[in-house]
Amino acid sequence: MSSPEEWTHPGPGAPPATGAAPTAEQVIAGLRATDEGGADLVQLLTPEGERVQHPDFDIDVTAEELRGLYRDMVLVRRVDREANALQRKGQLGIWVPLLGQEAAQIGSGRALRPTDMAFPSYREHGVAWCRGIKPTDLLGIFRGTDHGTWDPVEHRFHPYTIVIGNQVLNAAGYAMGQKFDGAVGDADGEATICYFGDGATSQGDVHEGFVWAAVYDAPLVFFCQNNQWAISEPTERQSRLPLYQRARGYGFPGIRVDGNDVLATLAVTRWALEECRQGNGPVLIEAFTYRMDAHTTSDDPSRYRLSDELELWKLKDPIERVKVHLVKQQWADQGFFDSIEEEAERVAVELRDYCVNLPDPPAGRIFSEVYAEGNPVLEAQRDEFLAYHAGFAGGDH
Amino acid sequence: MAAPTMDRTAAGAPAAVQTLTIAKALNNGLRAAMEADPKVVVMGEDVGKLGGVFRITDGLQKDFGEQRVLDTPLAESGIIGTAVGLAIRGYRPVCEIQFDGFVFPGFDQIVSQVAKLHYRTQGRIKLPMVIRIPFGGGIGAVEHHSESPESYFAHTAGLKVVACSNPADAYWMIQQAIDCDDPVLFFEPKRRYYEKGQVDTTAAPGPLFGSRVLRTGTDVTLVTYGPMVRTSLDAAAAAEEEGRSLEVVDLRSLSPLDLAPVYESVRRTGRLVVVTEAPGESSISSEIAAKVQQECFYSLQAPVLRVTGFDTPYPPSKLEEEFLPDLDRVLHAVDRSLAW
Ligand SMILES: Cc1ncc(C[n+]2csc(CCOP(=O)(O)OP(=O)(O)O)c2C)c(N)n1
């Protein structure tokens with residue numbers, strides 16, 4: 001990827017570019033750059049499973065750590081595929097697949113410490129896993145039995161946010177609180193990470209989140225998973241500039257990492273969180289990745305996506321490259337891979353059983369916890385409703 | 001409802017009763033809340049050095065520092081969205097929206113996150129935050145500076161909405177709103193900011209979410225809130241000279257609505273006139289009319305009448321006197337009610 005100085009692109013309606021100024025097509029080509037993600041892409045493990053060095057972000061991982069990351073990714077993918085299948089069988093109203101984004105999520109999620117706070121969008125099932133949330137806890141939202149059942153305070157993992165971009169401001173405020181509390185400034189400091197997509201970067205809230213985090217030096221890692229598509233809208237419909245380069249305009253570092261490389265994602269996120277802990281303010285990470293399934297189970301990517309693109313990205317599968325590397329290094333044998341598969345199967349069975357047996361909430365749930373301090377008008381409405389309800393034979397309609 | 005802790009007095013104010021403007025009463029109330037709880041932070045555009053465009057936060061930054069009185073970047077979604085995060089972190093943010101017409105860039109955060117996080121998390125996340133909005137017209141301002149958007153928020157479950165109308169309420173209600181564990185939209189009648197009244201800083205007030213009968217009467221009930229309280233009281237005084245006795249109820253809380261005193265009043269007077277500045281269509285005044293006819297049908301001797309702003313955008317300021325309900329329009333409605 002060329003340096004930011006070269007991105008001084010003439011505005012719309014300007015005469016055709018000449019000389020060094022790139023044309024609109026070149027800008028877009030650079031932006032998508034699906035082959036490599038551009039020269040600035042941080043990568044530590046190639047799609048072929050080769051370990052490569054990076055001058056700024058190299059990390060040491062033990063065989064055990066890498067096996068752990070592999071296990072995380074396999075289990076999370078299995079959860080995702082199972083939930084997808086459950087939707088197809090009518091057991092879930094909708095599912096939001098993460099297929100292809102396992103490395104981005106596990107790499108960043110495993111970089112977090114228990115004291116850090118995470119604000120997800122709605123696709124961060126892998127990060128939820130890293131925060132100790134049971135996969136079954138994700139189902140209520142998608143089966144329609146609840147709006148989320150994990151405890152966001154205990155797990156330091158905010159509820160899923162459906163309105164695109166809202167959580168970025170909420171995260172900025174939380175991170176400001178960490179700063180005000182004096183919880184940053186040394187190696188024991190706290191940090192916040194916030195997840196959003198490439199499409200979200202067009203939202204005002206994300207822009208405002210960048211502004212707030214910058215001017216208050218909030219310990220906030222903006223983690224953008226650029227999975228190339230916002231439903232059917234490609235990244236170039238959101239930006240003329242590679243997303244990580246936007247950080248420059250706000251005055252903090254922006255880094256593009258190979259989001260299909262769990263090691264690189266781990267290394268870059270660790271570094272970014274460390275910057276935050278030390279009090280050096282926000283960092284934007286663009287995890288360059290690809291959603292290998294539909295946007296949601298309601299989407300039809302065959303209407304807008306070329307199959308070539310999918311085939312290309314399959315070659316960069318985040319799990320396969322770790323497997324190859326483990327084998328090459330002789331860090332794992334067939335017994336290990338088999339045991340992970342068995343564990344994945346158990347997790348899937350548990351998820352399935354839990355899902356089909358998940359009871360509908362009692363009718364009174366409609367009214368519960370709307371207010372912290374109650375509301376007599378609403379309470380009267382609830383009482384009337386419950387009395388009406390109780391009037392039916394069986395009382396449980 | 002948890003009883004608010006009310007063991008505070010305004011800083012440097014040993015005298016129990018003071019004569020204050022609404023603006024100063026709010027300022028003292030904010031100060032008292034900030035002194036009582038170090039987690040209270042005030043945030044908004046220009047609230048620090050300037051003291052806010054109406055000077056409601058005057059002097060607070062000087063005394064509490066830049067971390068407790070935050071001059072924020074200029075973006076309402078940002079102010080409210082970051083306040084959500086601060087509240088999750090354990091703070092009690094008080095956001096100032098400069099003018100009513102500028103709350104809309106923050107509307108998404110208010111209705112999507114502020115209102116719903118407690119419900120979505122089954123009560124695990126509380127958002128004890130206050131959003132202060134100077135509202136209403138009558139100050140000769142340009143467009144977007146004179147609106148009455150309260151019904152939008154009263155329509156949204158999960159929010160509480162209140163409006164003060166006099167200095168004593170301003171002083172106490174802002175502290176009660178800050179004490180409340182629910183998010184509160186706090187509407188301040190900007191054209192009344194500089195009207196004076198007595199504030200007793202020791203006599204604890206009634207509940208935040210309760211309406212109050214300000215004047216008793218026997219012929220017609222007027223129910224109102226915010227800037228129209230003064231107009232309604234003036235109308236009641238004028239009516240008295242004509243031998244008519246009007247009862248005036250200040251709602252104070254718009255969500256939840258405490259209509260019990262209104263029902264009781266209407267059962268005695270048999271007549272109700274609702275007075276608001278906000279346009280009447282699909283509004284708080286509609287809600288009151290609907291509920292009163294439902295509860296007091298056999299007591300009513302005339303249909304519920306409403307005196308409201310018109311169902312138009314707020315007009316240019318040279319026309320606002322025509323738009324805003326005044327004493328004559330209120331009295332005219334009283335005449336119509338009595339003529340039934
Ligand atoms: C404010 C808002 N507008 C529209 C939508 C509907 N919507 C849901 S996801 C989505 C695309 C989001 O794309 P991106 O931010 O790139 O995230 P991704 O789902 O690809 O991870 C849209 C338009 C929404 N949820 N919120």
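**Contact between the chains**

I began with the contact between the two chains of this predicted model, and I noted that 48 residues of chain B and 46 residues of chain A take part in it. I then looked up the area that chain B and chain A bury between them, which comes to about 3800 Å², with 56% of it on carbon and sulfur atoms. For the charged pairs across the interface of chain B and chain A, I recorded four salt bridges. I also wrote down the side-chain pair of D181(A) and K39(B), which meet in a salt bridge at 3.5 Å from N to O.

**Largest pocket**

I turned next to the largest pocket, for which I noted a volume of about 990 Å³. I counted 30 residues in its lining, and I listed V377(A), Q381(A), L257(B), E287(B) and K291(B) as the closest to the centre of the pocket. Which elements give two or more residues to this lining? From chain A I entered helix 14 (376-390), and from chain B I entered helix 6 (150-154), strand 12 (253-255), helix 9 (260-269) and helix 10 (284-295). Sorting the lining residues of the largest pocket by kind, I found 15 nonpolar, 10 polar and five charged.

**Backbone details in chain B**

I checked the peptide bond from S255(B) to P256(B) and found it to be cis, with omega near 0°. I placed P256(B) in the loop between strand 12 and helix 9 of chain B, and I noted again that strand 12 and helix 9 are among the elements that give two or more residues to the lining of the largest pocket. I also looked at R55(B), which has a positive phi of about 65° although it is not a glycine. I located R55(B) in the loop between strand 2 (40-44) and helix 2 (60-64) of chain B.

**Cavities**

I then looked for cavities of 30 Å³ or more and recorded three of them. The largest cavity has a volume of about 60 Å³, and I listed its lining as V76(A), V79(A), D80(A), W95(A), H125(A), A128(A), W129(A), I133(A), P135(A) and L138(A). For the elements that give two or more residues to the lining of the largest cavity, I entered helix 2 (63-88) and helix 4 (125-130) of chain A. I sorted the lining of the largest cavity into eight nonpolar residues, one polar and one charged.

**Salt bridges in the whole structure**

Over all chains I noted 41 salt bridges. I picked out the one between the side chains of R110(A) and D72(A), at 2.7 Å from N to O. Why does this pair tie together parts that are 38 residues apart in sequence? I noted that R110(A) lies in the loop between helix 3 (102-109) and strand 1 (117-119) of chain A whereas D72(A) lies in helix 2 of chain A, so the pair joins those two parts.

**Record annotations**

I looked up the UniProt features last. For chain A, the unreviewed entry places "domain: Dehydrogenase E1 component" at residues 71-345; I found that span to be 44% helix and 11% strand, with its end C-alpha atoms 12 Å apart. For chain B, the unreviewed UniProt entry lists "domain: Transketolase-like pyrimidine-binding" at residues 20-195. I entered 36% helix and 18% strand for residues 20-195 of chain B, where the end C-alpha atoms are 8 Å apart.

Terms used: Residues numbered from 1 in each chain as written. Chains lettered and ligands numbered in written order. Predicted model: local features only at pLDDT ≥ 70, side-chain atom pairs only at ≥ 80, totals over all residues. Heavy atoms only, no water. 1 Å grid on protein atoms, 1.4 Å probe; cavity = no way out; pocket = protein on both sides within 12 Å on 5 of 7 lines; lining within 4 Å. Points joined across faces, edges and corners; volume = space filled by probe spheres on them. Helix = DSSP H or I, 4+ residues; strand = E, 2+ residues; numbered from the N terminus. Nonpolar A, V, L, I, M, F, W, Y, C, P; charged D, E, K, R; others polar. UniProt positions renumbered as here; feature names shortened; annotations may be inferred. Contact = heavy atoms within 4.5 Å. Buried area = accessible area lost by both parts, 1.4 Å probe.
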